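Work through the exercises below with the sequence and the model side by side, and try each task before reading its solution.

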Amino acid sequence: MGVISWNACISPANIFIAVFLILSNMPCEAQLSPTFYDYTCPTALSIIRKAVRTAVSRERRMAASLIRLHFHDCFVQGCDASILLDDSSSIQSEKNAPNNLNSVRGYEVIYNIKSKVESMCPGVVSCADIVAVAARDSSVAVSGPTWEVKLGRRDSTTSGLSQAATNLPGFTDSLNKLITLFGSKGLTARDMVALSGSHTIGQARCLTFRDRIYTNGTDIDAGFATTRRRRCPIQNGNGDANLAPLELVTPNSFDNNYFKNLIQKKGLLQSDQVLFSGGSTDAIVNEYSKSPKTFRSDFASAMVKMGDIEPLTGSAGVIRKFCNVIN
């Protein structure tokens, strides 16, 4: 019987088969890319940008709402547009979570954008990507930073109502709780402080800051508390929906005055003021208060990282035709 040489076994065909078998048994994970729609829907980004500009020009507060919508989406089962789903026989909507109900806004803007994009490129662009791009374009619309949005997310077919109660930060959370929560999403304490800086725009309801302005003692500027009490009565249920700007000086412009306010003990929410209250993030707040350039850069980087939280890609998820219902 003849001896078969080892070199004869290592033929190009055998190598190809071996490599194929190895790769076929490896998990396949599609990558997000800023150019994902360049050929399949080249007008998508311009459609989103124009619609966001229109919405923000009608109501300046909408910029903050759309940024927050992206944040609340990503923190509950990833950036998958699950927050947009309405209640149905199979869905318990995240919209009804305590931190979302009567608070998160901007749904109609996203639905409108989706309709416009669908008319140009049916079944191509996900609701999750629209939410991510709208957040970036909202920042730009109020003179905030821009960043490159990675695309290719797909939409979930499930909702995470039960997760929303534990995965979203609360307005009375302690610094340690916030750091732990953001850390569980792959975000650092510095990312958390930078993202909190989005509170340089937008407004909050009286019920979210009532306890702070009436019972917080030495951790709040007395004059600031007095001013905020004028439209936020002490009695629960009285004026709960009355609004106050999250940032006192330039509430409609994206800048670093939010951090200057914290140093002066003028943070509206308790979860804002804990960022500068003798804890580990004081130095970051100080840095951002002195360097708007650093804040803008860090905010943009943190938004990119947040957009990477557990996206559905490849064959996972779907492309919803209407963002509020499953196909």
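Contact here means heavy atoms within 4.5 Å. The model is a predicted one, in which local features need pLDDT of at least 70 and side-chain atom pairs count only at pLDDT 80 or more, while totals for chains, interfaces and linings use all residues. Residues are numbered from 1 along each chain as its sequence is written, and side-chain values use heavy atoms, with hydrogens and water left out.

**Exercise 1. Describe the chain as a whole: what share of its residues is buried, and what share of its contacts is long in sequence?**

Begin with the secondary structure, which comes to 15 helices and 2 strands, where helices (H or I, at least four residues) and strands (E, at least two) are DSSP runs numbered from the N terminus. Next, take the box along the principal axes, which for the C-alpha atoms is roughly 100 × 45 × 40 Å. Of the 327 residues, 48% count as buried, a term that stands for under 20% relative accessible area, with exposed over 50% and partly exposed in between (1.4 Å probe, protein chains only). Finally, among contacts with a separation of 6 or more, 75% join residues 24 or more positions apart.

**Exercise 2. Determine how far helix H4 is enclosed, and what covers its buried residues.**

First check the geometry: the expected span of a helix is 1.5 Å times one less than its number of residues, so the 13 residues of H4 (residues 62-74) should span 18 Å, and the end C-alpha atoms are indeed 18 Å apart. Then count burial: because 12 of the 13 residues are buried, H4 is largely enclosed by the rest of the structure. Among the buried residues are Leu66, Leu69, His70 and His72. The cover includes helices H3 (44-58), H5 (107-120), H6 (127-141), H8 (175-184) and H15 (292-307). One of these, H6, is itself mostly covered, with 13 of its 15 residues buried.

**Exercise 3. Find which residues touch the most other members of the largest nonpolar core.**

A nonpolar core is a set of buried Ala, Val, Leu, Ile, Met, Phe, Trp, Tyr and Cys residues joined through side-chain atoms within 4.5 Å. The largest such core has 74 residues, and Leu69, Phe75, Leu84 and Ile110 touch the most other members. Taking Ile110 and leaving aside its neighbours within four places in sequence, the contacts are Leu66, Leu69, Leu84, Ile130, Val131, Ala134 and Cys323. A second, separate core of 12 residues includes Phe209, Ile213, Phe224 and Leu269.

**Exercise 4. Characterise the lining of the largest pocket: which element gives the most to it?**

On a 1 Å grid over the protein atoms alone, a pocket is an open set of points with protein on both sides within 12 Å along at least five of seven lines, and lining residues have an atom within 4 Å of a point. The lining consists of 37 residues, of which Arg68, His72, His199, Leu246 and Leu269 lie nearest the centre of the pocket. H4 gives the most, with 6 residues.

**Exercise 5. Place Thr188 in the model: is this residue buried, partly exposed or exposed?**

Thr188 lies in the loop between H8 and H9. With a relative accessibility of 39%, Thr188 counts as partly exposed. Although Thr188 and Ala302 are 114 residues apart along the chain, their C-alpha atoms are separated by 8.9 Å.

Note on methods. On a 1 Å grid over the protein atoms alone, a cavity is a set of points where a 1.4 Å probe fits but cannot get out, and a pocket is an open set with protein on both sides within 12 Å along at least five of seven lines; lining residues have an atom within 4 Å of a point.
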